[in-house]
Amino acid sequence: MHSDPSPVLQQSRFQMKIMGENLFFTFTILLFTMLITSEAIHHTRVTVKNEIQGERITIHCYSSEDNLGVRDLPSGKNFTWHFHVNFSHSTKFYCDFKTRYGSGNYGVYTRKVHARCNRSCVWLIRETGLCLIQTKHNDRLWCQNWKIRPQSVALSARELPDARE
């Protein structure tokens, strides 16, 4: 014949259950705090370097939360900024570039770019367009041509009408 456990034993089991739930809750909060803190410690950096000899370029960089303003970047100079990627990793930065060789709007920090350079992305602005140094791929360049090219630059000598005609 079984008897009901003593009230002391019942109270002890109840206290153990509460302690276990509290421990789980505390561990969960601690883990969540560590994740947030680790994201906050790591800055992400984007650098744009003007490699067009003798030309100043105009750039305007921004995200949905930050407008970095319009900048005039002399040849050989860099523009660098730091930021924290949001918890959902949806942070994006775009830049409008304007040179005499071409112009366009480019995602300089997106998930696709992050996969190529992680937390330090360096873009080289060249006559042909812009190139990302892919630090996650042995520093190979990932280049994009200008989206909009001026007519005078877009025409090569072969495309110009022959003056003898």
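**Local environment, disulfides and core of the predicted model**

Ser63 has a relative accessibility of 16% and therefore counts as buried, the cut-off for this class being under 20%. The structure is a predicted model. Ser63 is placed in the loop between E2 and strand E3 (67-73). From this loop, the side chain of Ser63 reaches the backbone nitrogen of Glu65 at a distance of 3.0 Å. When neighbours within four places in sequence are set aside, the contacts of Ser63 are Lys92 and Phe93.

The protein as a whole contains 3 helices and 9 strands. Read from the N terminus, the order of elements is α-β-β-β-β-β-β-α-β-β-β-α. The protein has 165 residues, and 27% of them count as buried. The accessible surface amounts to about 11600 Å², and carbon and sulfur atoms account for 57% of this area. Of the contacts between residues at least 6 apart in sequence, 48% are between residues at least 24 apart.

Confidence varies along the chain. The mean pLDDT of the protein is 83, and 75% of the residues score at least 70. Residues 27-40 have a pLDDT below 50, and this stretch makes 7 contacts in the model beyond near neighbours in sequence. Residues 157-165 likewise have a pLDDT under 50, with 2 contacts beyond four places in sequence. Where pLDDT is low, predicted coordinates should not be read in detail.

The model holds 3 disulfides. With the bonded cysteines numbered in sequence order, the pairing is 1-2, 3-4, 5-6. One disulfide joins Cys61 to Cys95, with an S to S distance of 2.0 Å. The angle about the S-S bond of Cys61 and Cys95 is 110 degrees, and the link is right-handed. Cys61 belongs to strand E2 (residues 57-62) and Cys95 to strand E5 (residues 93-98), so the bond ties together parts that are 34 residues apart in sequence. Cys61 and Cys95 are both buried.

A further disulfide is formed by Cys117 and Cys121, whose sulfur atoms are 1.8 Å apart. The link of Cys117 and Cys121 is right-handed, with 65 degrees about the S-S bond. Both Cys117 and Cys121 are buried.

Cys131 and Cys143 are also joined by a disulfide, with S to S 2.0 Å. This pair links distant parts of the chain: Cys131 lies in strand E8 (residues 129-134) and Cys143 in strand E9 (residues 140-145), 12 residues apart. The torsion about the S-S bond of Cys131 and Cys143 is about 110 degrees, so this disulfide is right-handed. The two cysteines are covered unequally: Cys131 has 2% relative accessibility and so counts as buried, whereas Cys143, with a relative accessible area of 45%, is partly exposed.

Nonpolar side chains tend to be buried together in soluble globular proteins. In this model, the largest nonpolar core has 27 residues, of which Val46, Ile59, Trp81, Phe97, Val108, Trp123 and Ile125 touch the most other members. At least two residues of this core come from each of strand E1 (44-50), E2, strand E4 (78-83), E5, strand E6 (103-109), helix H2 (111-117), strand E7 (120-126) and E8. Phe97 illustrates the packing around one of these residues. Beyond its neighbours within four places in sequence, Phe97 is in contact with Val48, Thr58 and Ile59, with Gly102, Ser103, Gly104, Tyr106 and Val108, and with Ile125, Leu130 and Trp146. Among these partners of Phe97, Ile59, Val108 and Ile125 are also listed with the core residues that touch the most other members.

Two residues were noted for their backbone conformation. His89, a residue other than glycine, has a positive phi near 60 degrees. His89 is located in the loop between E4 and E5, and its relative accessibility of 38% makes it partly exposed. Asp139 is not a glycine either, yet its phi is positive at about 60 degrees. Asp139 lies in the loop between E8 and E9. With a relative accessible area of 47%, Asp139 is partly exposed.

Key: Residues are numbered from 1 along each chain as its sequence is written. This is a predicted model: local features need pLDDT of at least 70, side-chain atom pairs count only at pLDDT 80 or more; totals for chains, interfaces and linings use all residues. Side-chain values use heavy atoms; hydrogens and water are left out. Helices (H or I, at least four residues) and strands (E, at least two) are DSSP runs, numbered from the N terminus. Buried means under 20% relative accessible area, exposed over 50%, partly exposed in between (1.4 Å probe, protein chains only). Contact means heavy atoms within 4.5 Å. Accessible areas come from the Shrake-Rupley method with a 1.4 Å probe; for residues, only the protein chains shown count as cover. A disulfide is a pair of cysteine sulfur atoms within 2.5 Å. A polar contact is a pair of N or O atoms within 3.5 Å; within protein, one must be able to donate a hydrogen and the other to accept it, and residues adjacent in sequence count only if both atoms are side-chain atoms. A nonpolar core is a set of buried Ala, Val, Leu, Ile, Met, Phe, Trp, Tyr and Cys residues joined through side-chain atoms within 4.5 Å. pLDDT is the predictor's confidence in each residue, from 0 to 100.
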